[in-house]
Amino acid sequence: MSAARNALREGRTNWKKTAVVALPAVLAVGVMANVMAEGALAASFAVSGTSFQVSSGKLTSQGLSSYVQTDRDVDGKGHPVALLGIGDATLSDICQAAEVKTPVGTVVFKLTAGGDAGKVTASNLVIDGEDLVGDARFGTAQIGRDASTLDEVPGVKGERGKFGLQAGDIEVAGVKSHAWSATGGNFRLKGMRVDVSIGGKKCF
């Protein structure tokens, strides 16, 4: 009888001890989910060894945050970029194109959307770009702000003491950029089209 009781005790779960052990893991998962929702992990992956073109006829947003950082590829090579965090973005159209080497030659991988099909939208859009060209209007611009205090775009902050800038709202016409990565939440690409072709045309 005593052996049966001992077996029963050994098979039971001590829920108080389990809760103490599990609580930190549950909290960590909750924090991670919240950070991902805010876009703070948007550019935390290794980039490919190929930059690509991004263009749009017009981009508008209710917020912009930017600072300099270094993206790294799988071999550890660094690529200095200007991280552009854009809040709720609306684009008249979008084009993304990259040259990719294959056994049959260099092909152009091209994605387009918007235009006659309707506007493209994205929340917490983050572009790690080498450059950005266009005719811009910034509202309530703050240039030279400490990158760690940026607050216009949730989750987009740099290191303490680093140069940063932000604006309350932006409008950029004729957007052209060479980028290493682009991520966003709730992308809506109306009329999306993907083309892969040898000798195909890029965005610009």
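Helices here are DSSP runs of H or I at least four residues long, and strands are E runs of at least two, numbered from the N terminus. With that in hand, colour the model by secondary structure. Keep in mind that this is a predicted model.

**Stop 1: the whole chain**

You should be able to pick out two helices and eleven strands. Trace the chain from its start and the order is α-α-β-β-β-β-β-β-β-β-β-β-β, with the helices ahead of the strands. Switch on a surface if you like: the accessible area is about 12400 Å², and carbon and sulfur atoms account for 56% of that. Of the 204 residues, 32% count as buried. Contacts reach a long way along the sequence, too. Taking those between residues at least 6 apart, 76% join residues at least 24 apart.

**Stop 2: strand β1**

Select residues 52-61, which make up strand β1. Is this strand mostly enclosed or open? Seven of its ten residues are buried, so β1 is largely enclosed by the rest of the structure.

Now bring up what β1 pairs with. Start with β10, residues 169-188, which runs antiparallel to β1 and is joined to it by nine bridges. For a landmark, show Ser56 and look across to Val175 in β10. Next, add β4, also antiparallel to β1, with three bridges between them. Here the pair to click is Ser55 and Cys95, which stand opposite each other. Finally, add β3, residues 78-91, which pairs with β1 in the antiparallel sense over three bridges. Ser61 faces Ala89 there.

**Stop 3: the disulfide**

Stay on Cys95, since you have just met it opposite Ser55. Show its side chain together with that of Cys203: the two form a disulfide, with their sulfur atoms 2.0 Å apart. A search of the whole structure turns up one disulfide. Look down the S-S bond and you will find a left-handed link, at -85 degrees. What does the pair tie together? Cys95 sits in strand β4 (residues 93-102) and Cys203 in the segment after β11 (193-198), so the link connects parts that are 108 residues apart in sequence. Cys95 itself is buried, at 9% relative accessible area, which puts it below the 20% cut-off.

**Stop 4: from β4 to β5 and on to β11**

Follow β4 onward from the cysteine. A hairpin of two residues leads from β4 into β5, and β5 covers residues 105-114. The two strands pair in the antiparallel sense over ten bridges; click Gln96 and you will find Leu111 of β5 as its bridge partner. Then look for β11, which runs antiparallel to β5 with six bridges joining them. Val108 opposite Ser197 of β11 is the spot to mark.

**Stop 5: Val120**

Jump to strand β6, residues 120-129, and select Val120. Buried or exposed? Val120 is buried, with a relative accessible area of 0%. Show what surrounds it: leaving aside residues up to four places away in sequence, Val120 touches Ala89, Thr90, Leu91, Ile94, Ala113, Gly114, Arg188 and Leu189. You have already seen Ala89, opposite Ser61 of β1. If you want a distance to draw, try Val120 to Ser92: the two are 28 residues apart in sequence, with C-alpha atoms 6.3 Å apart.

**Stop 6: two positive phi angles**

While you are in β6, move along to Asn124. It is not a glycine, yet Asn124 has a positive phi of about 50 degrees. At 17% relative accessibility, Asn124 counts as buried.

Now go to Thr140, in the loop between β7 (133-139) and β8 (142-146). Thr140 also has a positive phi of about 50 degrees without being a glycine. Its setting is another matter: at 65% relative accessibility, Thr140 counts as exposed.

**Stop 7: the largest pocket**

Which residues lie nearest the centre of the largest pocket? Select Phe52, Val54, Ile127, Ser177 and Ala182. They belong to a lining of 40 residues, and the pocket holds about 730 Å³ of space. Colour the lining by strand and β10 gives the largest share, with seven residues. That brings you back to the strand joined to β1 by nine bridges, a good place to end the tour.

Terms used. Residues are numbered from 1 along each chain as its sequence is written. This is a predicted model: local features need pLDDT of at least 70, side-chain atom pairs count only at pLDDT 80 or more; totals for chains, interfaces and linings use all residues. Side-chain values use heavy atoms; hydrogens and water are left out. Buried means under 20% relative accessible area, exposed over 50%, partly exposed in between (1.4 Å probe, protein chains only). Contact means heavy atoms within 4.5 Å. Accessible areas come from the Shrake-Rupley method with a 1.4 Å probe; for residues, only the protein chains shown count as cover. A disulfide is a pair of cysteine sulfur atoms within 2.5 Å. Two strands pair if DSSP finds at least two bridges between them. On a 1 Å grid over the protein atoms alone, a cavity is a set of points where a 1.4 Å probe fits but cannot get out, and a pocket is an open set with protein on both sides within 12 Å along at least five of seven lines; lining residues have an atom within 4 Å of a point. Grid points are joined across faces, edges and corners, and a volume is the space filled by probe spheres set on the points.
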